[in-house]
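I set out to record how the strands pair and where charged side chains meet. The entries below follow the order in which I looked things up.

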Amino acid sequence: GEKVSLIGYTGDQTSLVLPASFEGGTYEIYPYAFYNDRSLTSVTVPAGVTAIGANAFAGCTSLRSISLPFVGENAEGDNNFLGYIFGAQSAQENRTF
């Protein structure tokens with residue numbers, strides 16, 4: 001099947017629950033999808049999301065809670081630390097997120 005991505009968010013909700021699926025299938029969150037969204041305070045990511053791109057939540061300074069069904073699709077790859085979705089460039093930087 002075709003890969004589906006959430007590429008950006010322009011809503012104004014502070015507490016966001018992402019949909020469980022897109023047209024009945026899984027999807028991924030594209031890099032920078034929520035970049036600099038300062039209104040979000042919490043996000044719930046469902047199991048239908050199979051991957052989260054680097055910096056997807058970078059700059060989301062009001063974000064206090066994020067619920068994830070997984071840490072990452074590939075724990076062996078470059079993005080094997082959770083901070084990459086907030087903009088960390090290394091596991092060492094991950095400690096500040």
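Entry 1, strand pairing. I looked up the pairing of E2 with strand E4 (residues 42-44) and found 3 bridges joining the two, which run parallel. I noted one residue pair in particular: Leu16 has Val43 in E4 as its bridge partner. The model I am reading is a predicted one.

Entry 2, the sheet. I then traced the sheet to which these strands belong: an open sheet of 3 strands, in the order E2-E4-E6, with parallel pairing. I recorded strand E2 (15-17) and strand E6 (65-67) as the edge strands, each of which pairs on one side only. For the twist I entered an average of 5° from one strand to the next. As background, I note that strands of a sheet pair through backbone hydrogen bonds, either parallel or antiparallel.

Entry 3, charged pairs. How many salt bridges does the structure hold? I found 1 salt bridge. The side chains that meet in it are those of Lys3 and Glu28, at 4.0 Å from N to O. I placed Lys3 in the segment before strand E1 (5-6) and Glu28 in strand E3 (residues 27-29), so the pair ties together parts that are 25 residues apart in sequence.

Entry 4, accessibility of the pair. Is Glu28 buried or exposed? I list Glu28 as buried, because its relative accessible area is 17% and the cut-off for buried is under 20%. Lys3 has 60% relative accessibility and therefore counts as exposed, the cut-off there being over 50%. I thus logged the salt bridge as one between exposed Lys3 and buried Glu28.

Notes:
Residues are numbered from 1 along each chain as its sequence is written. This is a predicted model: local features need pLDDT of at least 70, side-chain atom pairs count only at pLDDT 80 or more; totals for chains, interfaces and linings use all residues. Side-chain values use heavy atoms; hydrogens and water are left out. Two strands pair if DSSP finds at least two bridges between them. Helices (H or I, at least four residues) and strands (E, at least two) are DSSP runs, numbered from the N terminus. Axes are lines fitted to C-alpha atoms, for helices over the stretch in contact, and angles run from 0 to 180 degrees between N-to-C directions. Buried means under 20% relative accessible area, exposed over 50%, partly exposed in between (1.4 Å probe, protein chains only).
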